[in-house]
Amino acid sequence: MDIRLKRYHKDFAYSYSFGVFPTLELLGCQPRQVIKVAADTRGADNAGVAKIRELCGRQGIPFEINDKVVERLAPMENCYAIGVFRKYALPLSDQHQHVVLVSPSDMGNLGTIARTMVGFGVHDLALIRPAVDIFDPRVIRASMGAVFRLRFAYYDRFEDYRHAFKHTLYPFMTNAAHRLGEVGFRLPFGLIFGNESAGLPDEYLKVGESVVIPHGDEIDSLNLSVAVGIALYESTKGQF
């Protein structure tokens with residue numbers, strides 16, 4: 001792929017991993033998609049950069065020390081390595097658990113959710129448009145590279161996702177019919193969440209078995225990534 005390395009735009013056919021650990025995750029999980037890796041001389045004594053160089057050499061991936069590229073592309077000062085990789089698609093599993101995000105709009109939340117999913121052994125993420133770009137380097141950075149361990153797919157409508165899978169569905173809503181802790185999650189399941197500002201519309205009360213996470217009345221709702229983390233813990237705790 002002949003590319004000119006410029007600040008990321010969602011229309012690019014490639015993206016970046018900023019930082020040593022996300023780049024190590026990229027090389028470990030999606031090595032076939034890696035185009036090249038650039039490192040900064042400030043990371044010359046960094047053990048992670050040495051590991052990146054070793055992995056690149058072992059897998060025949062171009063590696064270069066290029067301070068100008070790192071400085072031009074990276075938004076933070078402590079970035080010692082950048083991975084450049086092709087965007088790719090990984091279909092969702094019809095046998096494993098899903099998280100379904102309806103119109104997520106915050107990149108930090110999406111990255112945190114990706115990392116939390118991997119932590120609880122859930123590796124399939126459905127994104128209902130409009131939705132944030134999972135390949136945006138800010139998402140990858142927030143996930144600490146956990147995005148590279150996920151299967152994910154975008155859908156134009158929730159109905160498109162629903163028709164594609166036979167999962168038991170659990171929409172999480174503040175006005176839901178059932179309290180978390182009283183629900184027995186039937187496998188395979190899909191945990192559904194609305195976006196950060198509006199949550200899920202009332203029509204989702206008719207989808208599967210709606211669930212509320214009980215909390216005090218001094219707040220109106222939980223942060224999206226916190227809610228997903230609580231739901232993942234409760235729905236998967238039998239595995240741990």
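In this predicted model, helix α4 (residues 107-119) and helix α7 (residues 224-236) pack with their axes coming within 9 Å and crossing at roughly 15°. With the cut-off for roughly parallel set at angles under 35 degrees, α4 and α7 therefore count as roughly parallel to each other. As for handedness, α4 goes past α7 in a right-handed crossing.

On the α4 side, the contact is made by Asn109, Thr112, Ile113, Thr116 and Met117, and these meet Leu224, Ser225, Val228, Gly229 and Leu232 of α7. Sorted by character, the residues of this contact come out as 5 nonpolar and 5 polar, with no charged ones.

Now for a single residue elsewhere in the chain. Asp133 sits in the loop that links β6 (124-128) to α5 (137-142). Its relative accessible area is 17%; buried means under 20%, so Asp133 falls on the buried side of that cut-off.

What does Asp133 touch, once its neighbours within four places in sequence are set aside? The contacts of Asp133 are then Tyr8, Lys10, Lys87, Val139 and Tyr154. Closer along the chain, the Asp133 side chain also reaches back to the main chain of its own loop region, lying 2.9 Å from the backbone nitrogen of Phe135. One further distance helps to place the residue: the C-alpha atoms of Asp133 and Pro104 are 9.4 Å apart, with the two positions 29 residues apart along the chain.

Definitions and conventions
Residues are numbered from 1 along each chain as its sequence is written. This is a predicted model: local features need pLDDT of at least 70, side-chain atom pairs count only at pLDDT 80 or more; totals for chains, interfaces and linings use all residues. Side-chain values use heavy atoms; hydrogens and water are left out. Helices (H or I, at least four residues) and strands (E, at least two) are DSSP runs, numbered from the N terminus. Buried means under 20% relative accessible area, exposed over 50%, partly exposed in between (1.4 Å probe, protein chains only). Contact means heavy atoms within 4.5 Å. A polar contact is a pair of N or O atoms within 3.5 Å; within protein, one must be able to donate a hydrogen and the other to accept it, and residues adjacent in sequence count only if both atoms are side-chain atoms. Axes are lines fitted to C-alpha atoms, for helices over the stretch in contact, and angles run from 0 to 180 degrees between N-to-C directions. Angles under 35 degrees count as roughly parallel, over 145 as roughly antiparallel, 65 to 115 as roughly perpendicular and the rest as oblique. A crossing is left-handed if the near helix is turned anticlockwise from the far one by less than a right angle, and right-handed if clockwise. Ala, Val, Leu, Ile, Met, Phe, Trp, Tyr, Cys and Pro count as nonpolar, Asp, Glu, Lys and Arg as charged, and the others, Gly among them, as polar.
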